[in-house]
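Please look over the model shown here alongside the comments that come after it. They are set out as numbered points for a colleague who works with coordinates.

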Amino acid sequence: EKALENFQRCDAEDSPRLIVCHHNIALAYLAAKEERLACDHSTTAKDLFEESVYKDNRLLQSMLESLDGKVNIPFGFVDDGIDHLAQALETAERTLPNGDAAIGSAWKDLAIGYFKEGDDQRALDAFDTAMKIFERI
């Protein structure tokens, strides 16, 4: 939250750093099991993105899609979460060079979604794909 205060004083509202700051705070709240606060920051990041000049930035779009997926799952919206994670992966694969670490991370996130859904085979396959990418880095 302190980092966010500093960014808000220094950055314009449409700064990609402010969007990323809200994204990172949302991830921190998810890790702390503060899902409501994570959802609030996720929504703010998405709103800032949609209103910014960066709304065509596919990397930011992929990052926010992934966050949507991660935020949906703790609320029991696992299918929606997986859909967002799959969309984030698709965007990352279209945008980034083959074998980029962010693509591996997207596969890992999707694997976690499948695991939470109870689809162990798809989770294992997705983790395997992520590991193959990470091994090449």
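The points below take up one helix, one residue inside another helix, and one loop residue.

1. This is a predicted model, in which local features need pLDDT of at least 70 and side-chain atom pairs count only at pLDDT 80 or more, while totals for chains, interfaces and linings use all residues. Residues are numbered from 1 along each chain as its sequence is written, and side-chain values use heavy atoms, with hydrogens and water left out.

2. Helix α4 (helices being DSSP runs of H or I, at least four residues, numbered from the N terminus) covers residues 58–72, and its 15 residues reach 21 Å from first to last C-alpha, close to the 21 Å expected, where the expected span is 1.5 Å times one less than the number of residues. At the start of α4, a side-chain oxygen of N57 comes to within 2.9 Å of the backbone nitrogen of L59.

3. Among the buried residues of α4 (buried meaning under 20% relative accessible area, exposed over 50%, with a 1.4 Å probe and protein chains only) are L60, L64, L67 and V71. The buried residues of α4 pack against α2, α3, α5 and α6.

4. H23 lies in helix α2 and is buried, with a relative accessible area of 7%. H23 touches A45, M63, L64 and L67, residues up to four places away in sequence not being counted; contact here means heavy atoms within 4.5 Å.

5. K33, in the loop between α2 and α3, has a phi near 65°, a positive value in a residue other than glycine. Most residues other than glycine have a negative phi. At 61% relative accessibility, K33 counts as exposed.

Notes:
Helices (H or I, at least four residues) and strands (E, at least two) are DSSP runs, numbered from the N terminus. A polar contact is a pair of N or O atoms within 3.5 Å; within protein, one must be able to donate a hydrogen and the other to accept it, and residues adjacent in sequence count only if both atoms are side-chain atoms.
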